[in-house]
Every structure is written in C-alpha cells, then in structure tokens.
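Here is a short briefing to read alongside the structure. Keep the viewer open and follow the bullet points topic by topic.

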Amino acid sequence: MTGHSSWVPGAAGSGHDVDHLPYGVFAHHDDDPRVGVRIGDFVLDLAPVGASDMVPETDTFAAPTLEPLMAAGRSAWSSVRDWLTALLYDPSERTAVEPHLLPLSEVRLLLPFPVADYVDFYCSLEHATNVGLMFRPDSEPLLPNWRYLPVGYHGRAGTVVSSGTPIRRPCGQRKAPSDAAPTYGPSRRLDFEAELGFVVGTPSRLGVAVPVADFSDHVFGVTLLNDWSARDIQAWEYVPLGPFLGKSFATSISPWVTPLAALSTAWAPLPGQSPEPLPYLQVAEPAGLDIDVAVRCNGSVVSRPPYRSMYWSPAQMLAHLTVNGASLRTGDLFASGTISGAELGQRGSLLELSWGGRDPIRLDDGSTRTFLEDGDEVTLSATAPGARGGRLRLGQVTGRILPADDP
Ligand code: MN
C-alpha cells in the first residue's frame with residue numbers, strides 16, 4: 001500500500017515515514033535529554049505531546065534513556081506506536097503536533113539506552129568460514145559446533161558507545177605468525193564489523209528459557225552495530241577462551257532503534273539449515289530479515305552485506321542465549337556477528353575484504369586499505385522493506401579512528 005504518508009514535510013519516500021518511527025534520545029539546547037521519534041528529518045519531542053494527549057506512557061518519554069519505554073513491554077510499545085502513527089498520519093493533528101517537531105540539525109543524538117549485557121554472535125556462515133580459513137589455515141574452517149548452535153561470546157557492555165563517538169586505536173599485545181614473541185603497541189590491523197544489534201526490552205526470569213516463539217515479546221527493536229576489532233590483538237589472545245581485548249575497546253551503535261513492529265514485512269526465509277537444529281532452536285519460517293547493509297569508508301562504499309544471508313536467525317540467538325536459564329534484563333544487547341554474503345563485495349569486515357591484508361581495496365580517492373588508518377571514518381547504513389511499500393532507512397552508525405595514545 002503506497003500513497004499513505006505523513007503530513008510532515010519531506011517524510012514521504014524518505015525512509016522515515018509513518019511506517020518506520022524509530023526511537024532515540026536527543027538533547028535540544030540546554031534542555032534535559034528525552035525520548036524522541038524520527039519522522040522525515042525531524043525529531044518529534046514525545047513528552048509534551050504525550051502529556052497533552054494523556055498517554056499513559058508519557059513518564060517514559062521524559063526519561064533520558066529509552067529504558068523505561070523498553071521495560072514497559074510489548075502491549076505498551078504497540079499502543080504508543082498506534083498513537084504515533086495516527087498523530088503523524090492524520091492532517092487534523094498537525095496544528096497540535098507541529099510545534100513539537102525539532103529539525104534533526106538542531107538536536108544532539110545520544111546513546112539511546114544504557115547497555116545491560118552485551119553478547120556478540122557469529123551467525124554468518126560465510127564470515128565464519130572466511131575467518132576460519134585465515135586464522136586456522138591448516139584445519140576445517142568451521143569448527144564442529146558451528147552448525148549446531150549460534151556461537152557467541154560475552155562482550156563489554158560499558159564500552160558500547162553512540163554513533164559519532166571517536167574510536168581511539170587500541171594498544172595491546174600483537175604477534176604475527178612469523179614472530180617469535182609478541183610486542184606491545186598500537187594495533188596494526190584495526191577493523192570494523194558490520195552487524196545488526198537486537199535490543200531487549202522485556203526481561204525474563206532467572207532459570208526460565210525464552211523459546212524462539214517469544215522473540216517478539218522480549219525484543220524492542222534493532223540497531224546497526226559496528227563491532228570494532230583489532231585483528232592482531234584478537235589473533236594472539238583468542239585461544240582458548242575467545243575474543244577479549246581485541247574487541248572490548250569499543251562497539252558503536254546507531255542512535256535510532258527501529259521498533260520490531262516496523263519490520264513486519266521484512267521477515268524472509270533463512271538460507272536453509274543443515275543438519276536440522278535441535279528442537280529448542282527450530283523456528284517457523286520466515287525467520288530471517290531482508291535488510292541490506294552498506295559499509296562506507298571515508299564516503300566510499302566498500303561492502304554491501306545482505307542480512308538475509310545469515311545462517312542463524314535472531315530468534316534462535318535469543319533462544320540459545322537463554323536456554324541454560326540465563327535471564328534477560330532490559331537493555332541487553334545481542335549482535336548478529338559480522339554480516340558477510342557469498343560475494344566479495346558483500347563481506348562485512350576489512351579482514352575478509354582484503355583477505356587478511358593480502359589484497360588491498362581501493363577507495364574512491366584512489367587510496368588503498370588493508371586495515372583502517374588513523375582518521376578513517378566508517379559508516380554503516382541499512383534499508384529494509386517498509387509495511388507501506390518503499391524501504392525504511394535504519395539509523396546510521398559512524399565512527400572515526402583517532403591515533404593511539406603513545407604506548
Ligand atoms: Mn563481531
């Protein structure tokens with residue numbers, strides 16, 4: 001269905017029409033930060049509009065974080081979304097609502113919620129295969145567990161930062177395979193990983209697993225996520241307990257959280273799972289998401305990873321994360337792992353694009369990269385089918401590399 005657009009100027013066809021309505025936290029001048037929703041190139045200041053409409057969730061709009069709204073649960077998310085859709089679609093609301101639209105250029109967007117626990121998965125068959133080939137060239141690229149469970153690790157919640165936060169090149173122990181011993185210093189193999197992040201709203205009880213069918217009761221929405229990675233630190237430290245300092249220095253997320261309800265027409269079949277997953281991981285199709293990601297380095301598109309190629313689905317990640325009885329908290333964030341498709345131009349990291357540094361890639365300015373240089377700016381963007389035709393534009397996430405502190 002097309003032709004049903006918001007009265008807000010510029011919203012139609014922008015990827016930010018009434019079928020999207022992502023949430024964020026903004027600061028305007030010296031006012032306290034609070035919750036807003038994006039429509040076109042404006043932020044709707046929800047607290048005053050909610051107060052005048054006597055919306056029950058109005059208290060959650062005045063918070064400096066999405067956390068109270070996320071904790072309010074699925075029926076509240078649904079009623080707030082219905083209210084907002086009506087406000088921004090019905091031209092008779094314009095007089096009352098328009099004074100609370102702030103141009104995006106006049107606000108600062110903040111980290112949308114404090115991250116509780118952060119888990120990063122490894123759900124792309126192509127990414128896991130590529131990394132296996134490079135890190136363990138003498139053995140099978142996929143370890144025996146990979147097709148039985150969504151492999152993941154616990155990351156560092158306290159270093160999840162908002163889009164635009166500069167990323168300081170990390171220092172650490174680096175050891176090339178040919179080196180006899182490691183040295184300490186700035187990472188020489190700094191990389192991005194293009195991922196989606198799934199944001200938990202509704203908590204769960206300790207000791208009670210969350211089945212795949214309950215995914216939409218718990219997950220509030222989706223962000224873009226850049227899992228910055230220092231490959232030289234990672235390759236030396238990761239055996240046998242997994243990623244640590246090569247990952248924990250920073251993870252960037254988009255300021256806008258796309259509500260799960262906005263992705264109702266974005267569900268797509270998974271590529272196919274063999275062997276058949278164990279019963280607790282079996283999903284009804286379609287369980288994947290048709291989201292197209294683009295990665296830019298200094299403005300040049302370097303990759304277009306397709307999320308629909310991911311092997312494990314978001315509901316399977318959540319079911320696996322809780323199958324041992326681990327409970328969810330509001331603000332938990334779990335990420336997909338690097339999104340890499342089958343083609344060279346669909347790989348979601350420089351490690352894969354340059355094949356471990358062997359094949360430099362060329363940017364539009366003629367310069368080449370194997371890994372990130374100081375001053376480089378990486379931006380992830382993505383689109384998904386919208387419920388009214390056209391495509392939604394997910395919130396971008398960007399970050400620029402600062403030189404390492406002197407070691
Ligand atoms: Mn990752």
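In this predicted model, strand β9 runs parallel to β26 (residues 391-402), and two bridges join them. Within that pairing, Ile 167 faces Ile 401 of β26. The notes below set this pair in its sheet and then turn to the aromatic rings and one buried serine.

**The sheet around β9 and β26**

- Both strands belong to an open sheet of five strands with mixed pairing, ordered β9-β26-β25-β20-β21.
- The edges are taken by β9 (167-168) and β21 (300-303); each has a single partner strand, so one side of each lacks a neighbour in the sheet.
- At the β21 end, the partner is β20 (residues 292-297), and these two strands pair in the antiparallel sense over three bridges.
- Across this pairing, Arg 296 stands opposite Val 301 in β21.
- The hairpin of β20 and β21 has two residues between the strands, and Asn 298 takes a positive phi near 50 degrees there.

**Aromatic rings**

- How many aromatic pairs does the structure hold? There are eleven.
- One of them joins Trp 146 and Tyr 311 in a tilted arrangement, with 5.1 Å from centre to centre and 55 degrees between the planes.
- Trp 146 sits in the loop between α6 (125-135) and β7 (152-154), while Tyr 311 sits in the loop between β21 and α9 (314-322), so this pair ties together parts that lie 165 residues apart in sequence.
- Are these two rings buried or exposed? Trp 146 has 2% relative accessibility and therefore counts as buried, the cut-off being under 20%; Tyr 311, at 2%, counts as buried too.
- Ring pairs also link a cluster made up of Phe 121, Phe 198, Phe 215, Trp 267, Tyr 307 and Phe 334.
- A charged side chain meets a ring at Tyr 89: Arg 388 lies over the face of Tyr 89, 5.6 Å from the ring centre.

**Ser 336 and its surroundings**

- Where does Ser 336 lie? Look in the loop between β22 (333-335) and α10 (350-353).
- Ser 336 counts as buried because its relative accessibility is 0%.
- Setting aside neighbours within four places in sequence, Ser 336 is in contact with Asp 120, Phe 121, Tyr 122, Cys 123, Glu 195, Leu 196, Tyr 307, Met 310 and Met 317.
- Among these contacts, Phe 121 and Tyr 307 are also members of the ring cluster described above.

Terms used. Residues numbered from 1 in each chain as written. Predicted model: local features only at pLDDT ≥ 70, side-chain atom pairs only at ≥ 80, totals over all residues. Heavy atoms only, no water. Pairing = 2+ DSSP bridges. Helix = DSSP H or I, 4+ residues; strand = E, 2+ residues; numbered from the N terminus. Phe/Tyr/Trp six-rings, centres within 6.5 Å; stacked < 30°, edge-to-face > 60°. Buried < 20%, exposed > 50% of the residue type's maximum accessible area, 1.4 Å probe, protein only. Lys NZ or Arg CZ within 6 Å of the ring centre and 35° of its normal. Contact = heavy atoms within 4.5 Å.
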